[in-house]
Amino acid sequence: MKRLAIGFLVLVVGLAMVGVGAAAAAGFPTKRITYNICFNPGGESDITARFQEAPLKKILGQDIAINYKIGGGGALCWSELVQTKPDGYTIAGHNLPHIALQPLEMGNAGYKTLDLKNIYFFESTPNLLLVRIDSPYKTLKDFVEYAKKTPGAVTVGGSGTSSANDLGTTMLNKAAGIQLTYVPFGGTGSAVPALLGSHVTALMSYSTMAIQYAGKFRALAVASETRMEVLPDVPTFKELGYDIVEGAYRGVAAPPGTPDDVIKILASAFETVHKDPEVRKKMDQNGFKTESMGPEASLELVKKKMVEYEAIMKQLGRIK
Amino acid sequence: MGFSFEYLLQGFATALTLQNLFWALVGCFIGTLVGVLPGIGPVSGIAILLPLTTVLPPTSAIIMMAAIYYGAMYGGSTTAIVVNIPGEASSVPTAMDGYEMAKQGKAGPALAISAISSFVAGTLSVIALTLFAPMLAEFAVVFGPPEYFALMFMGLSLVISLSGHALLKGLISMALGLGAALVGQDPLTGAARLTFGTVTLNAGVDFISVIVGLFAISEVMINVEQRITAISEMKITNWMPAWADIKQCLGTMIRSTGVGFFLGLLPGCAPSVTTFVAYDLEKRMSKHPERFGKGAIEGVAAPEGANNATSTAGFVPLFSFGLPTAPSMAVLLGGLMMYGLQPGPMLFAQNPQFVWAVIASMYIGNVMLLILNLPLVGMWAKIVNIPFYILGPMIVFCAVVGTYSIRFQAFDVWVMLIFGVIGYFMRKLGFPVAPMVLASVLAQMLETALGQSLLISQGSPFIFFTRPISAVFMALAFLSIGRGIWVLMRAQAPEVAVEDPD
């Protein structure tokens with residue numbers, strides 16, 4: 001009798017667990033969601049996540065735990081993500097071109113571009129070349145001339161390897177016929193102090209930092225098609241004769257195999273957040289350009305960019 | 001923007017409202033608790049509570065989150081002293097002398113001195129924060145990659161003093177620690193190393209897993225082996241430290257405040273790093289360095305003071321530049337921005353009421369923590385009397401949960417267990433474990449800074465010697481290496497560890 005009772009108990013517990021598993025997608029989310037940030041605190045991904053956190057919590061009805069996985073220009077974070085349980089409870093910020101460039105360039109980046117299941121792309125920021133406000137280089141022309149005289153000695157800090165900042169520096173090298181030394185940092189958050197302390201000559205960073213550090217840094221040029229509304233005095237590289245349009249898209253991705261209905265719930269949550277005029281205003285003021293691409297549109301963008309970047313990297317001689 | 005008494009008084013007026021006092025107390029209590037629990041650190045504590053903060057007014061929320069952070073520095077020493085398992089990475093050096101004291105029946109005084117030292121350092125640091133915050137902010141950016149490398153290199157040279165007479169064993173232990181930290185992706189380039197082609201190892205070894213394994217699991221294993229029924233048969237004779245003890249530690253407290261505070265201004269210099277530096281400094285300043293590792297009370301006061309000073313110092317770059325020095329600080333930064341408070345040079349000018357209220361609350365918080373911790377000393381110290389068949393499984397349980405909670409990966413739990421076994425054999429064979437912990441804590445910053453420096457210098461290692469600050473650190477490091485070798489040669493001691501083989 002006792003044995004039977006135990007057997008029954010085991011059966012009930014087992015069934016209950018199966019039941020919980022099946023119900024997971026239906027009532028998603030039923031517990032805290034972990035949102036991994038792949039770069040240093042204080043950078044763009046972090047800033048955006050902080051804007052999103054409270055509204056996401058309101059929409060999804062669950063806590064959002066923000067964690068940092070820093071290293072390898074994001075590769076560390078993404079290679080971990082693709083191994084995580086695909087239940088939608090762990091997501092990570094992801095960036096283009098990083099996710100397209102790293103698998104191309106690093107050999108084994110620990111993930112493949114299309115492994116990352118796109119949820120939503122919510123913003124983009126163009127590259128921007130910054131020097132200190134007391135720097136002798138007032139214009140891009142001054143900077144390029146100096147770099148021509150001292151090949152290799154001019155250092156440019158930026159966020160990550162095989163990232164938008166890294167690629168932007170290579171593009172400038174090629175377009176201007178100079179040799180800048182790119183120094184990668186764990187993210188914009190740790191690259192900024194390096195320029196504040198004059199440890200690098202310049203930063204290849206994003207539009208956001210020109211606004212946040214307006215009194216400390218001078219923006220020499222921005223890599224957008226046309227001048228940015230929030231930075232009306234900063235010329236584009238194009239205006240100055242260098243055909244460089246480059247920057248980063250930021251979004252969120254889930255591990256491969258995450259159910260589509262879960263992705264949909266998350267995507268619509270992010271969409272609601274970024275349609276909120278309050279959030280929108282904060283994003284604009286901080287120099288972010290709002291994007292709104294759901295799972296399908298994001299995947300299309302990624303696929304399109306993969307082809308484009310492969311060609312660019314070959315042309316720049318960074319891959320064979 | 002300098003210091004103004006008026007602002008500080010206004011800050012106190014805000015911090016002393018009933019609501020803010022209450023949230024400061026909640027923060028202090030939770031901070032102590034996450035400090036006590038091994039593996040669960042202030043980051044998880046703050047993260048779990050973050051949802052609460054959306055319903056609070058910004059000042060109360062930040063007051064509470066700040067209190068959790070510095071409160072955790074008080075709690076971390078408890079288990080380090082009583083059962084030789086540091087509650088936080090920042091209390092690893094505390095265990096070295098604290099546990100020895102506990103074995104000698106002086107757990108009470110050790111716990112008390114750690115609370116007192118935390119209080120003294122915490123309060124002195126808040127005073128420094130009050131008076132010099134805007135000025136000190138400039139100090140942080142003086143440190144570029146070469147300075148970071150030199151600082152970390154000097155940190156690594158502490159292995160020599162941590163190893164005692166077993167220098168070779170200490171170096172092996174350090175090499176193991178560095179090797180473990182190398183597993184996974186290169187922090188700079190993303191290249192996979194020592195992963196044997198697997199994806200699992202790509203994520204690398206988290207140093208929290210290493211610490212928890214080396215201390216908690218190996219401690220349990222050793223106790224099981226010796227069939228110990230209580231973790232130690234010590235009797236606690238008196239709880240309060242003698243007045244002479246406090247007087248003896250006064251200099252230590254002030255020095256470790258200095259070390260902890262200045263290094264704490266640097267992004268990335270977490271309390272887990274500065275505590276080692278402060279411990280080493282005390283050992284060198286002491287007239288009887290041989291007492292260290294055998295229950296020297298200064299060996300408890302130094303790291304406990306330093307970790308509090310460091311956690312307070314982190315508010316300087318946070319408020320002045322919006323630069324978070326540690327993950328917990330980033331969460332706070334997020335909190336600030338959530339409420340539309342943009343940290344940076346303008347914060348002091350634009351939101352003085354807020355900033356000064358938070359600073360004022362830190363004076364109050366430190367008093368609260370002292371009151372909260374001192375009377376509880378007796379209670380904490382009694383943990384040792386819990387029978388081992390209850391305490392042991394509890395420790396293992398906490399270790400597993402704590403490690404899993406870092407990044408929710410079962411892999412980390414395995415790493416922790418493996419390091420538990422490694423730690424067990426290291427202790428059995430007389431290898432000091434502290435150098436391994438130190439190496440795994442410092443490795444990533446060391447490596448990143450080395451790579452960046454060599455890029456800046458176009459490959460020349462002289463960059464570390466031509467810049468004044470890094471040159472000073474490098475000189476100190478080489479001095480300490482030279483001295484270690486000299487002492488070893490002179491003593492010609494056989495390779496035995498200082499620790500008893502218990």
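A residue counts as buried when its relative accessible area is under 20%, and as exposed when that figure is over 50%, with partly exposed in between. That yardstick comes up again and again below, where a predicted model is described.

Chain A makes a good starting point. Its fold is built from 11 helices and 10 strands, and its C-alpha trace spans about 90 × 45 × 35 Å along the principal axes. Of its 320 residues, 59% count as buried. Much of the contact list links parts that are far apart in sequence: among contacts with a separation of 6 or more, 79% join residues 24 or more positions apart. The accessible surface of the chain adds up to about 12900 Å², and carbon and sulfur atoms supply 58% of that. As for charge, there are 34 positive and 30 negative side chains in chain A, with the centres of the two sets 5 Å apart.

Helix H7 of chain A, covering residues 188-196, is mostly tucked away, as eight of its nine residues are buried. Among the buried ones are Thr188(A), Gly189(A), Val192(A) and Leu196(A). Just past the end of this helix comes Ser198(A), whose phi is positive, at about 60°.

Two cis peptide bonds turn up in chain A as well. One runs from Phe28(A) to Pro29(A), with omega near -10°, and Pro29(A) belongs to the loop between helix H1 (2-26) and strand E1 (33-37). Another runs from Leu96(A) to Pro97(A), with omega near 5°; here the proline is in the loop between strand E3 (90-96) and helix H4 (98-105).

Charges over rings are also found in this chain. Lys31(A) lies over the face of Tyr89(A), 4.7 Å from the ring centre. Likewise, Arg250(A) has its charged end over the ring of Tyr206(A), at 4.7 Å from the centre.

Now for the aromatic rings. Over all chains, the search of the whole structure turns up 21 aromatic pairs. In one of them, Phe22(B) and Trp23(B), the ring centres are 5.0 Å apart and the planes meet at 75°, so the pair counts as edge-to-face. Phe22(B) is partly exposed because its relative accessibility is 46%, whereas Trp23(B), at 15%, is buried. Phe261(B) and Phe262(B) also pair edge-to-face, with 6.1 Å from centre to centre and 85° between the planes. Phe261(B) has a relative accessible area of 4%, so this residue is buried. Phe262(B), with 42%, is partly exposed. Elsewhere in chain B, ring pairs tie Phe149(B), Phe153(B), Phe464(B), Phe465(B) and Phe478(B) into a cluster.

A charged residue can be buried too: Glu282(B), in helix H12 (residues 271-285) of chain B, has a relative accessibility of just 3%, so it counts as buried. Setting aside neighbours within four places in sequence, Glu282(B) touches Thr252(B), Arg255(B), Phe292(B) and Ala302(B).

Lastly, some loop residues in chain B have a positive phi. Leu194(B) is not a glycine, yet its phi is about 50°. This leucine is in the loop between strand E2 (192-193) and helix H10 (207-225), and its relative accessible area of 43% makes it partly exposed. Gln458(B), not a glycine either, has a positive phi of about 55°. Its loop runs between helix H21 (434-456) and helix H22 (463-466). Gln458(B) reaches 52% relative accessibility, so this residue counts as exposed.

Definitions and conventions: Residues numbered from 1 in each chain as written. Chains lettered and ligands numbered in written order. Predicted model: local features only at pLDDT ≥ 70, side-chain atom pairs only at ≥ 80, totals over all residues. Heavy atoms only, no water. Helix = DSSP H or I, 4+ residues; strand = E, 2+ residues; numbered from the N terminus. Buried < 20%, exposed > 50% of the residue type's maximum accessible area, 1.4 Å probe, protein only. Contact = heavy atoms within 4.5 Å. Areas by Shrake-Rupley, 256 points an atom, 1.4 Å probe, with all protein chains shown as cover. Lys, Arg positive; Asp, Glu negative; His and termini not counted. Charge placed at Lys NZ, Arg CZ, Asp CG, Glu CD. Phe/Tyr/Trp six-rings, centres within 6.5 Å; stacked < 30°, edge-to-face > 60°. Lys NZ or Arg CZ within 6 Å of the ring centre and 35° of its normal.
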